[in-house]
Amino acid sequence: MPSKYFDIAKISRYLHHRLPIGETKEILKSKEVPVHKFSLFYYLGGICLYLLIVQVITGILLLLYYSPTEDSAYQSVKFIMTKVSFGWLVRSIHAWSSNLLIGALFVHFFSTFLLKAYRPPREFTWMSGMMLLLICFGLGFTGYLLPWNELAFFATKVGTEIMSAIPLVGDTLKEFLRGGPNVTGVTLTRFFALHIWVLPLSLAMLAGLHLLLVQRHGMSRPMSVEVKQKRSMPFLPHFLLRDLNVWLLFLAALITLSFYFPTHLGEPADPLAPTPLGIKPEWYFLFMFQLLKLLPSHILGIEGEHLGILGLGLIGLLIFLVPFLDRNSAQGKKSPLLTTIGWTMLAVFVALTLWGVLE
Amino acid sequence: MEEIDEAHEKIVTDFLGGAHAKKGIGCEGCHGGDPKAEDASDAMDPEVGYIGIPARHEIPAMCAKCHADPNYMRAYNPNISTDQYSKYLISGHGKRLTKSHDSKVAVCTSCHGTHDIKSSNEPSSSTYVMNIPFTCAKCHGDSTYMAGRNIPTNQFEEYVQSVHGEALLKKGDRSAPSCAGCHGSHEARRPDPQGVANTCAQCHSYNRELFIASPHKAAHEKHKYPECEVCHGNHNIKKTSDDLLVSESLGVCQKCHDPGTKGMVAALTMRAAIDSLSYSIENAKRLVELVRTYGMNTEDPEYQLRQAHDKLVQSRALIHTFTPDKVSLVALEGKTIAVQAEDQGKEILEQYNFRRRGFIFSVIVILVLSALLTVKIRSLGRHIG
């Protein structure tokens with residue numbers, strides 16, 4: 001007999017009448033996920049979403065105690081690490097999930113590129129994904145400074161210095177980010193605002209658009225398997241349960257990494273100290289850092305670093321526009337040039353990153 | 001003739017690289033004569049003040065003509081001291097020169113060089129602080145040269161192995177004393193037995209204060225013992241250790257105090273207090289280092305360990321009071337801090353164990369959930385259409 005105050009059927013009717021629950025259920029019921037030898041890559045989107053949710057939750061928990069000023073930032077992080085219950089775990093999970101997120105985004109990016117999943121009608125899905133990757137880079141870069149320790153301070157100093165190599169707007173951009181000619185407490189405040197407001201808000205809107213487009217167009221089937229038998233599995237519950245299982249394994253991985261390799265506090269930042277030897281950016285910027293180091297000081301009379309930044313920007317733009325440039329894939333034909341470019345980019349990225357890490 | 005020219009050429013080269021040539025002073029500054037004369041015989045005419053090569057015993061007075069004249073010297077360097085000659089005259093070297101007419105004793109050129117005299121601030125100068133032990137050893141390390149003098153010639157070998165020699169010559173610490181740091185330079189002489197503490201106090205002032213107020217001061221005066229040197233030695237001063245207090249091979253207290261006497265009991269009491277503090281610090285340090293390798297934050301106990309170590313240093317310095325109560329009190333304060341650091345280390349170790357238990361439990365729960373989910377997924381079948 002239903003309770004007078006808790007009638008589930010009544011509540012369900014009430015909600016169904018006001019929210020598009022029925023329609024959503026229908027969409028999810030009819031949603032299918034292709035099954036083929038590359039199906040494993042379909043989990044990457046879900047992994048990124050999951051890690052993003054972990055980022056938001058742990059980020060909000062850190063915000064309860066973090067104080068974004070030059071005098072108090074380091075002390076507040078120290079307080080989180082030593083006095084707040086499970087503060088060390090929350091901070092470590094936040095740091096590790098950000099690294100895993102960017103790692104997953106790289107795999108997502110390369111797999112999408114190599115499987116040509118950007119071909120019509122998924123041009124905007126690709127472009128929004130690229131922008132999401134850039135925003136995540138920004139979140140990583142701005143978040144790295146917030147503990148205000150020695151390593152963070154000098155990595156930011158070096159990172160923002162590189163920006164001045166961008167032709168025409170470089171110096172202005174550097175000063176805008178730093179809030180002056182040097183990395184100071186003003187930089188910390190700016191990075192904090194970018195890290196918790198500007199970038200997450202942009203990311204939420206773009207991620208919403210990205211997900212909407214994925215729902216609209218469904219999962220892309222690689223060309224090599226498109227012509228063969230079109231097998232698929234229902235999204236609900238088959239794929240969703242598999243997704244949840246992967247998320248659980250990632251949670252176990254996050255806890256393991258946080259336990260065995262906790263994020264350290266480091267030494268407090270000292271703007272007057274000399275830059276420590278061997279200062280390096282986070283691993284996901286290493287490929288750019290190493291590439292710029294490889295260039296000679298001058299190429300054809302232009303400063304090597306300026307040319308390098310220009311080249312990287314141009315490559316980024318071409319990749320962003322690849323759905324419009326790869327005409328073969330758009331017409332359902334093989335595109336060996338783009339495949340070669342994709343594998344070359346992957347090899348260069350891995351080689352430069354490994355070189356940077358081992359150096 | 002050719003050999004003379006070569007020798008002359010070397011003298012000129014040496015001189016041009018020296019301090020005098022840089023200030024515009026020529027050969028005539030020391031040798032006299034007329035540098036403007038066109039003919040060599042006119043230039044080196046005794047009538048115009050040419051003195052040629054000065055006799056060794058005349059050198060200090062010759063250098064003093066300029067270097068002891070404040071009015072003359074201020075034109076070149078207003079801050080340079082002009083008391084070198086008067087100090088030299090009261091030095092061991094000066095006395096032997098003027099009173100004993102010792103023809104081998106050091107004069108200005110023995111240490112500073114002849115034509116290649118350089119400022120003592122220049123690292124290539126024979127009187128640069130890091131070169132002084134080698135300069136002094138040229139004579140004082142040569143047993144043949146020093147024959148007939150009642151002083152040893154092994155000072156340099158001993159100094160090189162001493163804590164001061166290692167600091168200056170191996171570590172390059174220019175604040176560490178060279179020979180001149182204790183003996184003086186122009187006024188160089190053996191320190192008076194009752195002035196040794198004052199000599200050492202140029203750097204170790206706190207230890208001197210403690211020593212002067214201690215019962216040892218009167219005893220040393222009575223027996224004319226050379227104060228610090230009695231326990232620490234002179235040229236071969238080694239880095240101190242607790243073994244210096246009481247130990248079979250290195251102990252110094254037992255040299256004067258027999259077993260069971262008041263002095264020996266005091267030494268044993270001080271050693272016990274310091275050993276107890278060292279032991280507590282080592283225990284705490286081992287634990288703190290262990291938990292740090294687990295990735296735990298050990299800033300607080302490390303700070304306490306530094307405080308405990310300060311107390312250890314302080315209690316070791318207080319040995320110079322030769323009062324066991326003072327040493328024991330500070331050592332006990334340090335031990336209390338070290339025990340607190342160890343307790344904090346234990347607390348952090350417990351936190352780590354709690355985390356490990358939590359980690360194992362949560363991973364097991366997650367893996368069980370994952371296994372259940374896998375069973376559920378399999379029960380659904382593949383449903384591949």
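The points below comment on a predicted model, taking confidence, cores, surface, salt bridges and backbone in turn.

1. Confidence. Chain A has a mean pLDDT of 91, and 98% of its residues are at 70 or more. Within chain A the lowest confidence falls in helix α10 (residues 223-226), with a mean of 75, and the highest in helix α6 (residues 123-145), at 96. Where pLDDT is low, predicted coordinates should not be read in detail.

2. Chain B overall. This chain contains 21 helices and 0 strands. Of its 385 residues, 30% count as buried. Among contacts in chain B with a separation of 6 or more, 55% are between residues 24 or more positions apart. The area that chain B exposes is about 23600 Å², and carbon and sulfur atoms supply 57% of that area.

3. Main core. In soluble globular proteins, nonpolar side chains tend to be buried together. The largest nonpolar core here has 73 residues, and those with the most contacts inside it are A:Y66, A:F106, A:W126, A:W148 and A:F239. The elements of chain A that contribute two or more residues include α4 (73-82), α5 (87-114), α7 (150-163) and α11 (235-260). The largest share, 11 residues, is given by α6(A). Helix α6 of chain A is also where confidence in that chain is highest.

4. Surroundings of A:F106. Which residues does A:F106 contact once its neighbours within four places in sequence are left aside? They are A:F137, A:W283, A:Y284, A:F287 and A:F349. A second, separate core has 28 residues, B:L245, B:I281, B:L312 and B:F322 among them.

5. Nonpolar surface. A nonpolar patch on the surface is formed by A:L49, A:I53, A:I57, A:L61, A:L64, A:Y65, A:F79 and A:L211, with about 710 Å² of accessible area together. Helix α3 (residues 43-63) of chain A gives the most to the patch, with 4 residues. A:L211 belongs to helix α9 (residues 185-217) of chain A. The relative accessible area of A:L211 is 39%, so this residue counts as partly exposed. Helices α3 and α9 of chain A are also among the elements that give two or more residues to the largest core.

6. Salt bridges in chain A. Side chains of opposite charge can pair when their charged atoms come close. Over all chains the count is 20 salt bridges. One of them joins A:E359 to A:K293, with the closest N and O atoms 2.8 Å apart. This pair links distant parts of the chain: A:E359 is in the segment after α16 (336-358) and A:K293 is in helix α12 (residues 286-294), 66 residues apart. A:K293 is partly exposed, at a relative accessible area of 43%. In addition, A:E161, A:K174 and A:R178 are linked in a network of salt bridges.

7. A buried pair in chain B. B:D102 and B:R149 form a salt bridge in which the closest N and O atoms are 2.5 Å apart. The two residues are 47 positions apart and link distant parts of the chain: B:D102 is in the loop between α8 (92-98) and α9 (108-112), while B:R149 is in the loop between α10 (132-140) and α11 (155-161). Are these residues buried or exposed? B:D102 counts as buried because its relative accessibility is 10%, and B:R149 counts as buried at 17%; the cut-off for buried is under 20%.

8. A mixed pair in chain B. The salt bridge between B:R316 and B:D242 has its closest N and O atoms 2.9 Å apart. B:R316 is in helix α20 (residues 299-317) and B:D242 is in the loop between α17 (228-232) and α18 (253-256), with the two positions 74 residues apart in numbering. B:R316 is partly exposed at 31% relative accessibility, whereas B:D242 is buried at 15%.

9. Cis peptide bonds. Most residues other than glycine have a negative phi, and most peptide bonds are trans. The bond joining A:P120 and A:P121 is cis, with omega about 10°; A:P121 is in the loop between α5 and α6 of chain A. The bond from A:L236 to A:P237 is cis too, with omega near 0°, and A:P237 lies in helix α11 of chain A.

10. Positive phi. A:F86 has phi near 60° and sits in the loop between α4 and α5 of chain A. Its relative accessible area is 45%, so A:F86 counts as partly exposed. B:H101 has phi near 50° and is found in the loop between α8 and α9 of chain B. B:H101 counts as exposed, at 62% relative accessibility.

Definitions and conventions: Residues numbered from 1 in each chain as written. Chains lettered and ligands numbered in written order. Predicted model: local features only at pLDDT ≥ 70, side-chain atom pairs only at ≥ 80, totals over all residues. Heavy atoms only, no water. Patch = residues over 30% accessible without salt bridge, like charges linked within 9 Å, V, L, I, M, F, W, Y side chains within 5 Å. Areas by Shrake-Rupley, 256 points an atom, 1.4 Å probe, with all protein chains shown as cover. Salt bridge = Lys/Arg side-chain N within 4 Å of Asp/Glu carboxyl O. Buried < 20%, exposed > 50% of the residue type's maximum accessible area, 1.4 Å probe, protein only. Contact = heavy atoms within 4.5 Å. pLDDT = per-residue confidence, 0-100. Core = buried A, V, L, I, M, F, W, Y, C linked by side-chain atoms within 4.5 Å.
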